[in-house]
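Hi there,

Here is the structure I promised to pass on. Have a look at it first, and then read on for my notes.

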There are 2 protein chains.
Amino acid sequence: MALYVHKYGGTSVGTVDRIRHVANKITQARRQGNDIVVVVSAMSGETDRLLGLAREMQEHPNPRELDVLLSTGEQVTIALLCMALESDGCPASSYTGAQAKILTDASHTKARIIDIDTSRLRKDLDQGKVVVVAGFQGVNEEGDITTLGRGGSDTTAVALAAALKADECRIYTDVDGVYTTDPRVEPRARRLDRITFEEMLEMASLGSKVLQIRAVEFAGKYNVPLRVLSTFDDGPGTLITYEEEEMEQALISGIAFNRDEAKLTVEGVPDQPGIAAAILGPIADANIEVDMIVQNVAENDTTDFTFTVHRNDYAKALDILQGVCQKLGAKKVTGDDQIVKVSMVGVGMRSHAGIASRMFRALADEGINIRMISTSEIKVSVVLDEKYLELAVRTLHETFGLDQAPAA
Amino acid sequence: MALYVHKYGGTSVGTVDRIRHVANKITQARRQGNDIVVVVSAMSGETDRLLGLAREMQEHPNPRELDVLLSTGEQVTIALLCMALESDGCPASSYTGAQAKILTDASHTKARIIDIDTSRLRKDLDQGKVVVVAGFQGVNEEGDITTLGRGGSDTTAVALAAALKADECRIYTDVDGVYTTDPRVEPRARRLDRITFEEMLEMASLGSKVLQIRAVEFAGKYNVPLRVLSTFDDGPGTLITYEEEEMEQALISGIAFNRDEAKLTVEGVPDQPGIAAAILGPIADANIEVDMIVQNVAENDTTDFTFTVHRNDYAKALDILQGVCQKLGAKKVTGDDQIVKVSMVGVGMRSHAGIASRMFRALADEGINIRMISTSEIKVSVVLDEKYLELAVRTLHETFGLDQAPAA
C-alpha cells in the first residue's frame with residue numbers, strides 16, 4: 001500500500017462538475033488500496049475576486065488581513081471536495097493550513113513553511129479516510145493565518161509529501177506532462193517520461209510554467225518524487241526525480257523560451273572595478289528583476305555591459321540607465337524590447353562537449369543572428385530577434401532529435 | 001473608558017460601500033475613547049450562495065464540512081472590515097471563531113458556546129486596536145470549525161460581551177429599535193427606549209424578528225445590557241435589560257403578531273389520561289412544531305383538543321390527525337389555516353389585574369371574534385380570523401395607549 005499526495009490546481013477544481021470529476025479520480029485511487037492526501041487550490045477566479053475586494057477596501061491591503069481573506073478560497077474548495085468524496089462513498093476530512101498544522105514564518109503573503117505536524121492527518125489515514133488539505137496557506141506561531149504566495153499550493157503538496165514520506169507527489173494540471181518544448185510552437189514536441197530536478201528548475205525558470213520553482217526546489221531538497229500529470233486525461237505524465245546512474249540520459253531534455261524579454265546595453269563603459277554594481281544597483285533599487293547579464297572583454301579600456309529585464313520594465317530601466325550612463329561617463333545606452341530568449345536544457349551537457357557549437361551552427365544555417373549568449377552547467381541560452389522564435393525552436397528541436405524518445 | 005461590543009449583520013456589511021460605512025461608525029466610536037470589539041456576519045447572500053454550492057455537491061452536506069464551508073463567509077467580512085478600518089487610520093485585527101478561541105461543543109451546524117479565552121483579544125485592546133471577530137462560528141476541542149446556526153452572530157456578540165464584561169452589547173440592524181408593534185400595521189407604533197429581557201423573549205418568539213432568541217436568553221443569563229439600533233441612522237435604539245424596581249413600568253410593552261398560523265382541532269376525544277400525548281406524539285414525530293395548545297374542560301366524557309402549527313405544516317398535520325382520530329375513537333378533525341395570533345406582552349401584567357378582560361372587551365367592541373386564548377405570566381395571546389389582524393392590532397395599540405411614552 002502506497003501513500004500518494006495529489007495536488008489539483010484552480011482550473012481542475014474550477015466548477016462544481018470539475019470538483020466532482022476530481023472526487024471520482026481520488027475515489028478510484030483510494031479503491032486501488034492507496035492512502036491519499038489531497039491538496040487543492042481555490043476555484044479558478046476566486047483568488048482574483050477576493051484580491052479585487054481587498055483593493056477596493058485599502059490601496060495596499062494589510063498583509064495579515066489579506067491572508068485571512070485569501071485563505072478562504074481554498075477553504076471553500078476543501079469542504080466542497082470532501083462533500084463530493086462522501087457523496088461518492090469515500091470518507092474524507094478537510095483541513096485548513098492551520099488545522100493541518102502547517103507552521104510557517106510570519107512573512108504574510110509570502111510565508112515559508114517551517115514544519116508540519118502530521119499526527120492528526122496520520123490518524124485520519126489510519127482510519128481509512130482521504131485527507132484533503134487547503135493549499136497555499138499555513139499558520140505562524142502566533143496562530144495567525146499566513147499564505148505562501150501565488151502557486152503556493154504546489155509547495156504545500158511537496159512539503160506534505162516530504163513530511164508524510166509519501167511515495168510520490170502528483171501534481172495534476174491541465175497539461176499531461178512536461179514537454180521537450182511548447183507544443184504550440186513545435187507540434188512535434190514530445191512528452192518526457194522523466195526529467196531531473198535540475199533540468200526542471202531550468203525549464204521552469206525559463207518560462208515553461210508547469211510547476212512552481214519553489215515546489216521543485218523543495219522536492220529536490222527532500223528527494224520527493226514529483227509527477228506532473230493531467231486532471232482531465234489519463235496517462236503517466238512526467239516524473240521529476242534525481243538523475244539515476246543507470247538511466248539512459250538524453251543529451252538535451254528540452255527547449256525553453258521566454259517571449260517577455262528586453263535587453264539594455266551601456267556602451268563604452270570605462271573598464272574598472274565596481275562598474276557592474278554601479279549599473280545594476282539603481283536597477284535593483286527600482287525593484288526591476290534582471291535576468292541574463294553579459295559583459296564582454298574590454299577594448300581600449302572601455303567595455304559594453306548588457307543585461308535583460310522583463311519587457312514591462314523596459315521603459316523604466318532605460319530611463320534609469322540614462323542617468324547612470326552620464327554619471328559613469330559611458331558612451332551611450334541602447335536597448336531592444338523585441339527580443340526573446342531560447343534555451344536548451346539537459347544534464348547530458350555535463351558529459352558531452354560541443355552542444356553549444358552544434359546549437360550555434362544550426363541557428364546560423366537558418367540565418368538566425370544570435371544577439372547574446374549565456375551558459376550554465378546544464379543549459380545554453382541565446383537571445384534572438386523576436387521574429388525568429390518559432391523557427392529557432394523548431395530548428396533546435398529537430399537538430400537534437402527531441403521528437404524521438406531516447407534509446408533505452 | 002467603556003468597552004462596547006458592536007454587532008453588524010449581513011445587510012449592514014452587504015457591499016464594499018456598506019463595510020466602509022460600518023468602518024466609519026466604528027472609527028468614530030473608537031475616537032470617543034472607547035474600546036471596541038466588533039462581531040460581523042457574512043455579506044448578505046453569501047451564506048445562501050455557499051449553501052447552494054454544498055447542496056450541489058451532496059444531497060445532505062456533511063455537517064463538519066458544511067461548517068468549514070460556511071465559516072468562510074464571515075472570514076471574508078472580518079478581513080475586509082479590518083482593511084477598511086486601517087484605511088481610516090484605525091488599527092484593527094481580525095479573528096476567526098477559532099482564533100478568538102470561541103470554544104463550542106461538537107454539534108456541527110448548531111453548536112453551543114462553552115467558553116471563550118479572551119486573553120489575546122485583551123492584548124489587542126490594550127494596544128489600542130479594534131478587535132474584529134467572525135460571528136456565527138467557533139471551534140470544538142478537536143480543533144474542528146463549528147457554526148452556531150442561522151443568526152448565530154448575535155449569540156457570538158453577546159457571548160463575547162459577557163466574557164469581556166463589556167459595558168454594552170450593541171446589535172446594529174436595519175431597524176432603529178424595538179417597536180410597540182409592527183409600524184407597517186400600526187403607523188403610530190412607537191420605538192421603545194427600553195424593554196426587559198423577558199418581554200423581548202416573548203416579542204421575539206411571537207414574531208418580532210429583530211433579535212435571535214438565543215442571544216436574548218444568553219444576554220439575560222449573563223446580564224449583558226443589549227441595545228438594538230440602526231446601522232444606517234443615528235439614534236439611541238432600544239435597550240434590553242433587567243426590570244428595575246424604580247423604573248416606571250408600562251403596563252404593556254408591545255403587541256406582537258404572527259400571520260403564519262393554522263389551527264387544528266380534534267373534536268369529541270374521550271376524556272382520559274394520555275390523550276394529549278397520543279395526539280401530539282405523531283405530530284412531533286413528523287417534525288412539526290406545535291405552538292399554542294388549548295384543551296377545554298370535558299363535557300359528556302369527551303373533550304375538544306386544539307393546537308396551532310405553522311401554516312406550511314397544516315396539510316401534513318391534518319393528514320396525520322385523520323389517522324389519530326380513528327385510532328382514538330374521536331368524533332372528527334377540523335381545522336383552519338386562515339387564522340393569526342395576536343399577543344400583548346408586558347411585565348406590568350404581573351401586578352395589574354384586568355388586562356386580559358380589557359383586551360377581550362376592546363376586541364368585542366369591534367366585533368372581532370376570539371377563536372382561542374392562551375396566557376402566560378407576561379403575555380396574553382388570542383387567535384383570530386386573519387382578516388381582523390390589522391384592526392385588532394390598531395385597536396389594542398390605542399386601547400392601551402402604546403403610542404404615548406409611559407409617564408416618568
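Which residues in helix 4 of chain A meet which residues in helix 4 of chain B? On the chain A side they are A:T72, A:Q75 and A:V76, and their partners in chain B are B:T72, B:Q75 and B:V76. Sorted by class, this contact has two nonpolar, four polar and no charged residues. Before I go further, please keep in mind that this is a predicted model.

**Where the chains meet**

The axes of the two helices, helix 4 of chain A and helix 4 of chain B, come within 10 Å and cross at roughly 180°. That makes helix 4 of chain A roughly antiparallel to helix 4 of chain B, because angles over 145 degrees are counted that way.

Taking the chains as wholes, 26 residues of chain B are in contact with 26 residues of chain A. On the side of chain B that touches chain A, at least two residues each come from helix 1 (16-31), helix 2 (46-57), helix 3 (63-70) and helix 4 (72-87) of chain B. Helix 4 of chain B gives the largest share of that side, with eleven residues. The class count for the side of chain B that touches chain A is 15 nonpolar, eight polar and three charged residues.

One residue to look at in helix 2 of chain B is B:G52. B:G52 has 11 other C-beta atoms within 10 Å and is therefore exposed, the limit being 12 or fewer. Its C-alpha atom is separated by 24 Å from that of B:Y8, and the two residues are 44 apart along the chain.

**Helix 3 of chain A**

Helix 3 (residues 63-70) of chain A is mostly covered, with seven of its eight residues buried. The buried ones are A:R64, A:E65, A:L66, A:D67, A:V68, A:L69 and A:L70. What do they pack against? Within chain A, the partners are helix 2 (46-57), helix 4 (72-87) and strand 8 (145-147), and from chain B they are helix 4 and strand 3 (92-95).

A:L66, which is found in this helix, is a good residue to zoom in on. A:L66 is buried because 24 other C-beta atoms lie within 10 Å, and 20 or more are needed. Leaving aside residues up to four places away in sequence, A:L66 touches A:A54, A:P61, A:H108 and A:T109. The C-alpha atoms of A:L66 and A:H108 are separated by 8.2 Å, while the residues are 42 apart along the chain.

**Helix pairs inside each chain**

In chain A, the axes of helix 6 (residues 152-163) and helix 8 (residues 213-221) come within 8 Å and cross at roughly 10°. Angles under 35 degrees count as roughly parallel, so helix 6 of chain A and helix 8 of chain A are roughly parallel to each other. Here A:D154, A:T155, A:V158 and A:A159 in helix 6 of chain A meet A:R214, A:A215, A:F218 and A:A219 in helix 8 of chain A. This contact of helix 6 with helix 8 of chain A has five nonpolar, one polar and two charged residues.

In chain B, helix 11 (residues 355-365) and helix 12 (residues 389-399) pack at an angle of about 130°, and their axes are 10 Å apart. That makes helix 11 of chain B oblique to helix 12 of chain B. The crossing of these two helices of chain B is right-handed. Helix 11 of chain B brings B:R358, B:M359, B:A362 and B:L363 to the contact, and helix 12 of chain B brings B:A392, B:T395, B:L396 and B:T399. Of these residues, five are nonpolar, two polar and one charged.

**Helix 6 of chain B**

Eleven of the twelve residues of helix 6 of chain B are buried, so this helix is largely enclosed by the rest of the structure. Among them are B:G152, B:D154, B:V158 and B:A163. At 1.5 Å a residue, the twelve residues should span 16 Å, which agrees with end C-alpha atoms that are 16 Å apart. After helix 6 of chain B comes B:K165, whose phi is positive, near 50°.

**Two positive phi values in chain A**

- A:F136 is not a glycine, yet has a positive phi of about 80°. A:F136 sits in the loop between strand 6 (130-134) and strand 7 (137-139) of chain A, and with 29 C-beta neighbours inside 10 Å counts as buried.
- A:N223, also not a glycine, has a positive phi of about 55°. A:N223 is found in the loop between helix 8 and strand 11 (226-230) of chain A, and is exposed, with 11 other C-beta atoms within 10 Å.

Best wishes

Key:
Residues are numbered from 1 along each chain as its sequence is written. Chains are lettered from A and ligands numbered from 1 in the order in which they are written. This is a predicted model: local features need pLDDT of at least 70, side-chain atom pairs count only at pLDDT 80 or more; totals for chains, interfaces and linings use all residues. Axes are lines fitted to C-alpha atoms, for helices over the stretch in contact, and angles run from 0 to 180 degrees between N-to-C directions. Helices (H or I, at least four residues) and strands (E, at least two) are DSSP runs, numbered from the N terminus. Angles under 35 degrees count as roughly parallel, over 145 as roughly antiparallel, 65 to 115 as roughly perpendicular and the rest as oblique. A crossing is left-handed if the near helix is turned anticlockwise from the far one by less than a right angle, and right-handed if clockwise. Two residues are in contact if their C-beta atoms, placed from the backbone, lie within 7 Å. Ala, Val, Leu, Ile, Met, Phe, Trp, Tyr, Cys and Pro count as nonpolar, Asp, Glu, Lys and Arg as charged, and the others, Gly among them, as polar. The expected span of a helix is 1.5 Å times one less than its number of residues.
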